[in-house]
Amino acid sequence: STSVNATYVPHAGERGTAHAEVYVADAHFELNAPCALAGARAMQNVLDVLSAGISMDTKIADAASSSSSTTSMPTLTASYHTGVWRAHLPWRSELEAQAPMRAVRVQFQHSMSVRDFVLGGRCVAAFSLESFALETGYYRDADAEDADGNFVAFPVAEIVGASSTIDVPSEAQSYMFRRQVPRVVVAVGEIRARANEVSMHLLNEIADLVIAQPLTADAIHTYEQMPSSSMSFDSFDVSATVDVLSARLEHVRVDVAVPVTQALMSNVTVEVKHANSDGDNSSADVVASASIEVDYLHPVKSAWEPIVEPARISIKAATAKYSLVALHVLIASGVDVTISPSVYEALLKASLVCEAAKSPIADLGASTAFGPRTYQMTNATGFDVEYALSLVGDHNVPTRVGQGRTSSGETQVMRVATLAAEANDGEERGLS
């Protein structure tokens, strides 16, 4: 559903006040290649119109600023918010004919507002992204009716609690054609990024498909040919804060992703002061700081262990004419780095995952030594051990599935046997 509420209240001898509220409920966009191409053509047409109209900005701005009709414009307060929007884009590989159908899914919820806006006066606008999630994956069976249950999804990015405020002060020139946005404030609660060999392979594949489209080259060419806009920013200040930013590399075992390494940044702050006096002497001062650490998943403890201990890093940079002229990096407490066999093993796994992302998706299961349905068992007891393996099935009934012997310090790669229903060869369910 969609609802629009608007009111206007006139005031004798003064500006009237207008209030507007727009709400768009949950929405689902099912996209495909022709739809994407049509959207690309529409965007190119928009760029063409902007390119043709930008040269008229100055003349229109002068006319608008000198027009007495602006004094009769009402004070506007407006808001726009949505339910949860979802978009789904499936595609097939042009190079891997036998590979399953892939898809990208996006889910987000957002809102925007502006209060007490007067043409030519101060404007305070806000944008909020309550939630954002991007995932990619593939279908086990493209012809299955239950598409959701048949889809193997791998999260790529997630944003929680993002908001921004743009504060534009009053000036004589009309806001619609102003040349500067004095201050932008951005605050983000948490940003999480995840990657594995399958998701990296799929994202690289769809990126290559987009870049290879003739419309992409045409849009880039149109953008490059656009003249400088009179609405370009002369000077502005930007401040951004992020509570937690994490990036995790994982390894896929069938439809389960097991963490390998992760990088964490917390209490991230960025301040940018930009000035452009005559269009050719652009300069910017940047100050940034964050607490950074890098961890790996210990194979024996099954817990995160540090590679780089938490450290607070501050950076100051200065640019002139879009060139870096000064850079200062300060690490208050130094950097402690752990080097051990477990760290080396984790870094080796990470390199294998990145290398496996280059393989066809149908062959990812056999592309590394740590393939699907596998795990490692390391004997860290200090003794030679004989062991028996049991699988707890339905109704918590254990079933003995194997036994073996391991020497002190030995690491064995174990494989979970394929389900009989999947293999259809009568293979017993269990561990081998």
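These legends walk through several close-up views of one predicted model.

**View 1. The whole chain, as a starting point.**
Before zooming in, it helps to take stock of the overall model. The secondary structure of the protein chain comes to 7 helices and 18 strands. Of its 432 residues, 28% count as buried. The chain exposes about 25,200 Å², and carbon and sulfur atoms supply 59% of that area. Taking the contacts between residues at least 6 apart in sequence, 62% join residues at least 24 apart.

**View 2. Where the predictor is confident, and where it is not.**
The average pLDDT of the protein chain is 77, and 72% of the residues score at least 70. Which elements mark the two ends of the range? Strand E9 (residues 183–195) has the highest mean pLDDT, 93, while helix H7 (residues 420–423) has the lowest, 39. Over residues 418–432 the pLDDT is below 50, although this stretch has 26 contacts in the model beyond near neighbours in sequence. Please read residues 54–61 with similar care: pLDDT stays under 50 there, and the model has 13 contacts for them beyond four places in sequence.

**View 3. Strand E4 and its two partners.**
Here we look at strand E4 (residues 75–82) together with strands E2 and E6. Strand E2 (residues 14–24) runs parallel to E4, and 8 bridges join the two. If you would like a landmark for this pairing, find Tyr-23, whose bridge partner in E4 is His-81. Strand E6 (residues 102–117) runs antiparallel to E4, with 5 bridges between them. Ala-78 and Val-114 of E6 stand opposite each other.

**View 4. His-88 and its polar contacts.**
His-88 has its place in strand E5 (residues 85–91). Is this histidine buried or exposed? His-88 counts as buried because its relative accessibility is 8%. Its side chain makes a polar contact of 2.4 Å with the side chain of Glu-30. Another polar contact, of 2.8 Å, joins the side chains of His-88 and Tyr-139. Leaving aside neighbours within four places in sequence, the residues in contact with His-88 are His-28, Phe-29, Glu-30, Leu-31, Ala-103, Val-104, Arg-105 and Tyr-139.

**View 5. An edge-to-face pair and its cluster.**
The structure holds 4 aromatic pairs. In one of them, the rings of Trp-85 and Phe-108 have their centres 5.8 Å apart and their planes at 65°, so the pair is edge-to-face. Trp-85 lies in strand E5 and Phe-108 in strand E6, so the pair ties together parts that are 23 residues apart in sequence. Trp-85 counts as buried, at 15% relative accessibility, whereas Phe-108 counts as partly exposed, at 22%. Phe-29 joins Trp-85 and Phe-108 in one aromatic cluster.

**View 6. A tilted pair between strands E7 and E8.**
How far apart are the ring centres of Tyr-139 and Phe-151? They are 4.9 Å apart, and the ring planes are at 55°, so the pair is tilted. Tyr-139 belongs to strand E7 (residues 123–139) and Phe-151 to strand E8 (residues 151–168), so this pair ties together parts that are 12 residues apart in sequence. Both residues, Tyr-139 and Phe-151, are buried. You may remember Tyr-139 from the view of His-88, where the two side chains share a polar contact.

**View 7. Arg-194 and its surroundings.**
Arg-194 is found in strand E9. With a relative accessibility of 31%, Arg-194 counts as partly exposed. Not counting residues up to four places away in sequence, Arg-194 touches Pro-155, Val-156, Arg-248 and Glu-250. With Glu-250 there is also a polar contact of 3.0 Å between the side chains. Ala-257 makes a useful reference point: Arg-194 and Ala-257 are 63 residues apart in sequence, and their C-alpha atoms are 9.9 Å apart in space.

**View 8. Two residues with positive phi.**
Most residues other than glycine have a negative phi. Asp-116, in strand E6, has a positive phi near 50°. Asn-267 is found in strand E11 (residues 256–276), and its phi is also positive, at about 50°. With a relative accessible area of 47%, Asn-267 is partly exposed.

Key. Residues numbered from 1 in each chain as written. Predicted model: local features only at pLDDT ≥ 70, side-chain atom pairs only at ≥ 80, totals over all residues. Heavy atoms only, no water. Pairing = 2+ DSSP bridges. Helix = DSSP H or I, 4+ residues; strand = E, 2+ residues; numbered from the N terminus. pLDDT = per-residue confidence, 0-100. Contact = heavy atoms within 4.5 Å. Buried < 20%, exposed > 50% of the residue type's maximum accessible area, 1.4 Å probe, protein only. Polar contact = N/O pair within 3.5 Å; in protein donor to acceptor, adjacent residues only side chain to side chain. Areas by Shrake-Rupley, 256 points an atom, 1.4 Å probe, with all protein chains shown as cover. Phe/Tyr/Trp six-rings, centres within 6.5 Å; stacked < 30°, edge-to-face > 60°.
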